[in-house]
Amino acid sequence: MLVALAVSISACHTADRVTLTLSAATSLKDAIVEAEAVYRQSHATSDFSNNFGSSGTLAAQIEQGVPADLFLSAAARPMDDLERKGLIAAGSRRNLLRNSLVLIAPRDSRLQDFQGLTGGPVRLIALGDPQSVPAGVYGRQALSSLHLWEKLNAKLVLAKDVRQVLAYVETGNADAGLVYATDALTSDKVRVVAVAPESTHDAIVYPIAAVRGSHNQEAAHSFIDYLAGPVAQAIFKKHGFTIATP
């Protein structure tokens with residue numbers, strides 16, 4: 001009887017466990033992993049399965065039926081596309097964070113500003129692919145606003161996400177790159193050359209929402225509330241994000 005009772009209790013505990021699958025922009029990786037670890041301290045039955053990538057690619061995966069409970073995007077457009085197609089849980093979407101776009105170069109580079117990208121010493125410039133990477137979209141907007149896009153087009157090497165852009169610059173495979181300020185903070189092999197003026201690109205806002213097909217709606221909404229609360233916000237700020245106005 002004792003064995004049967006133990007098995008029964010174990011089964012109940014197993015049934016109570018919830019694994020939330022997050023599809024999140026690569027630029028959120030370090031902050032999200034830390035925020036999840038803190039969340040588990042007070043939610044012992046919660047587990048996480050993370051799928052990090054470019055926001056456009058993640059949105060396409062969700063549309064194709066890849067399982068996800070939550071979507072954290074680095075831009076409004078991928079979220080807009082899913083919402084328009086009825087794939088986001090009604091009332092769950094909110095703007096969570098903001099970021100800045102920066103020009104980076106290796107630490108020993110003599111690059112001083114955006115205009116210097118047209119010079120001979122800069123042969124390759126890494127940029128997220130604007131077809132799927134929000135940072136690439138913002139980068140194209142910034143370079144266009146600064147009247148540099150056409151001049152620099154032949155120098156661009158496109159990456160699958162911002163962390164790949166960062167890696168290209170870190171390893172010297174690119175002489176400069178455009179990433180988020182939060183990504184630049186993670187590396188001691190690059191330096192920030194300049195910050196793209198906010199007027200040169202769309203506002204960099206990170207929306208979050210529960211996916212309509214999720215079987216863990218209650219847990220997903222609870223985690224969204226946590227990410228928007230003071231404990232998680234402190235973690236995001238530590239990683240260089242700013243908090244979006246509700």
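Begin by selecting helix 7, residues 162–170, which in this predicted model lies across strand 5, strand 6, strand 7, strand 8 and strand 9; relative to strand 8, helix 7 runs at about 145 degrees.

Next, display the strands beneath that selection as a group: five of them form an open sheet with mixed pairing, and their order is 7-6-8-5-9. The edges are strand 7, at 156–159, and strand 9, at 190–195, each of which pairs on one side only. Looking along the sheet, one can follow a twist that averages 35 degrees from one strand to the next.

Within the sheet, select residues 101–106 and residues 176–180, which are strand 5 and strand 8 and which pair in the antiparallel sense over four bridges. To place the register of this pair, pick L101, which stands opposite Y180 of strand 8. Then add helix 5, residues 134–145, which packs on the sheet and touches strand 5, strand 8 and strand 6, the last of these at 125–128; the direction of helix 5 makes about 120 degrees with that of strand 8.

The last stop is the nonpolar core. The largest such core holds 55 residues, of which L28, L117, L227 and F236 touch the most other members. Helix 9, residues 217–227, supplies the largest share of this core, namely five residues. Finally, centre the view on L227 and show its surroundings: once its neighbours within four places in sequence are set aside, L227 is in contact with I32, A35, L72, L96, I208, A232, Q233 and F236. Of these partners, F236 is also listed with L227 among the residues that touch the most other core members.

How values were computed:
Residues numbered from 1 in each chain as written. Predicted model: local features only at pLDDT ≥ 70, side-chain atom pairs only at ≥ 80, totals over all residues. Heavy atoms only, no water. Pairing = 2+ DSSP bridges. Helix = DSSP H or I, 4+ residues; strand = E, 2+ residues; numbered from the N terminus. Axes fitted to C-alpha atoms, helices over the stretch in contact; angles between N-to-C directions. Contact = heavy atoms within 4.5 Å. Core = buried A, V, L, I, M, F, W, Y, C linked by side-chain atoms within 4.5 Å. Buried < 20%, exposed > 50% of the residue type's maximum accessible area, 1.4 Å probe, protein only.
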